[in-house]
Amino acid sequence: MSLAPAHVAGVGMVRFGRYPAEVTLERMAVGAARSALADAGADLGAVDALHVGHVFGGPVAGQRIAAQLGLDGRPVSNHENYCASGATAVREAWVALAAGLHDVVLVIGVEKMTDRVSGGVRPDPGDLDAAVGYVMAAGHAMSARRYMADHGATREQIAAVAVKNHAHSVHNPYAQYQRPVALHEVLAARPIAEPLGLLDCSPISDGAAAVLLCSPAGLRRLGIEGPVPRVLAVGLVSGAVQTGTGDLNAEDVSHRAGEEAWKLSGVGPADVDLVEMHDCFTIAEIVRMEGLGLVPRGQGAAWTADGRTSLGGRLPVNPSGGLLSRGHPVGATGAAQVCELTWQLRGTAGGRQVEGARTGLAYCKGGTVNGTDGGSVTTVVMAR
């Protein structure tokens with residue numbers, strides 16, 4: 001089964017970071033949307049529908065955004081799939097375009113986290129895992145320890161993910177952090193969950209990203225001629241990270257997400273020129289790249305330390321800076337990844353440009369830390 005590609009007419013972002021209370025979720029969403037429309041040379045009258053990905057925006061956040069943007073009255077849908085919310089909204093827009101339901105769909109991913117989420121742990125009384133400390137950082141710390149024991153990886157190799165991604169984000173004007181960090185800084189950072197420290201963890205962030213997707217008829221409506229980057233497919237799978245084998249880093253859900261991406265897009269792992277990866281923690285980038293089959297099992301840490309996933313390397317990963325450095329406003333991340341792939345495929349990414357990029361993949365995972373509980377993974381495949 002395959003669906004027609006969606007064409008990316010325009011993209012826009014609001015820089016990720018920490019904003020005061022008066023910078024609302026709606027304000028950020030409207031800013032990103034207007035940037036995407038301006039990028040496409042389009043006005044609001046061209047938009048058939050609005051899809052909004054968010055987690056903490058509350059009921060009908062999309063409708064509030066539509067009213068402030070000037071799209072009140074159009075079809076509006078809200079998509080919550082935790083960290084995969086923005087990418088899920090992209091998927092549903094792609095399906096609607098392929099079905100002929102719409103010709104121009106505006107997708108917004110947005111989140112205002114800094115006045116809603118703190119670094120403290122306030123577990124649900126019914127959540128025994130969290131109550132005894134098995135929160136996100138602890139789960140990924142266990143993953144790192146298991147990976148080091150199983151594959152002989154070093155703490156320095158895992159920390160190299162943070163060094164790489166911060167180096168990339170120096171060239172990203174939309175990144176929350178825009179300065180490099182040295183290996184010794186990562187290793188000496190405040191401990192969070194042994195062996196991971198503060199710089200191994202993605203930050204709490206605010207921000208928004210928007211993508212204007214079109215059918216061929218939609219491109220003609222906007223007066224856009226010539227090739228533009230295309231969303232070939234968006235895979236979506238759910239389930240557990242583990243398979244019951246006892247392998248903490250089996251990443252079965254990532255493997256299935258990769259298989260779904262290849263099946264829907266007709267693209268294979270060897271065709272991918274760059275990856276935007278959901279690196280909520282340093283170790284997550286490593287094991288998920290392996291789960292997708294893009295890096296040999298057990299070699300991800302060494303690939304990072306050797307520069308093979310850096311700009312100029314064999315397979316650049318997170319040229320945007322990733323979640324670790326670009327930031328992670330959870331509902332916005334998937335849409336931001338599509339923005340980055342669009343700029344890369346256009347050849348307009350500046351100092352973080354992957355030379356000769358023709359095909360890119362973006363991966364988002366939303367769900368619980370418990371390896372046997374459910375989560376959702378999206379895989380967006382794009383090409384120029």
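This note goes through the nonpolar cores, one helix, the cysteines and one annotated span of a predicted model.

1. The largest nonpolar core of the predicted model has 35 residues, and those with the most contacts inside it are L213, V231, V380 and M382. At least two residues of this core come from each of β1 (6–17), α3 (85–98), β4, β7 (206–214), β8 (230–239), α13 (333–346) and β11 (375–383), and the largest share, seven residues, is that of α13. Domain 1 (6–117 + 205–230) and domain 2 (128–199 + 232–383) each give at least three residues to this core.

2. M382, which is among the residues with the most contacts inside the largest core, can be followed individually. When its neighbours within four places in sequence are left aside, M382 is in contact with V8, P229, R230, V231, L232, V338, L341, T342, L345, R358, T359 and G360.

3. Apart from the largest core there is a second, separate core, which has 33 residues and includes V14, A46, L212 and C214.

4. Helix α2 spans residues 61–69, and its buried residues are A61, G62, I65, A66 and L69. Seen down the axis of α2, these buried residues fall within an arc of 140 degrees, so they line one face of the helix. The elements against which the buried residues of α2 pack are α1 (25–40), β2 (49–53), β3 (76–79) and β4 (104–112). After α2 comes G70, and the phi of G70 is positive, near 105 degrees.

5. For a reader planning to think about the thiols, the structure holds zero disulfides. C201 is in no disulfide, and the nearest cysteine sulfur, which belongs to C280, is 9.2 Å away; C201 is buried, with a relative accessible area of 14%. C339 is likewise in no disulfide, the nearest cysteine sulfur being that of C364 at 12 Å, and C339 is buried, with a relative accessible area of 0%.

6. According to the UniProt annotation "domain: Rhodanese", which comes from an unreviewed entry, the covered residues are 82–111. In the predicted model the end C-alpha atoms of residues 82–111 lie 11 Å apart, and this span is 47% helix and 27% strand. Two elements already named bear on this region of the sequence: α3 (85–98), which supplies at least two residues of the largest core, and β4 (104–112), against which the buried residues of α2 pack.

Key. Residues numbered from 1 in each chain as written. Predicted model: local features only at pLDDT ≥ 70, side-chain atom pairs only at ≥ 80, totals over all residues. Heavy atoms only, no water. UniProt positions renumbered as here; feature names shortened; annotations may be inferred. Helix = DSSP H or I, 4+ residues; strand = E, 2+ residues; numbered from the N terminus. Disulfide = S-S within 2.5 Å. Buried < 20%, exposed > 50% of the residue type's maximum accessible area, 1.4 Å probe, protein only. Arc of directions from axis to C-beta. Contact = heavy atoms within 4.5 Å. Core = buried A, V, L, I, M, F, W, Y, C linked by side-chain atoms within 4.5 Å. Domains from an automatic or database assignment.
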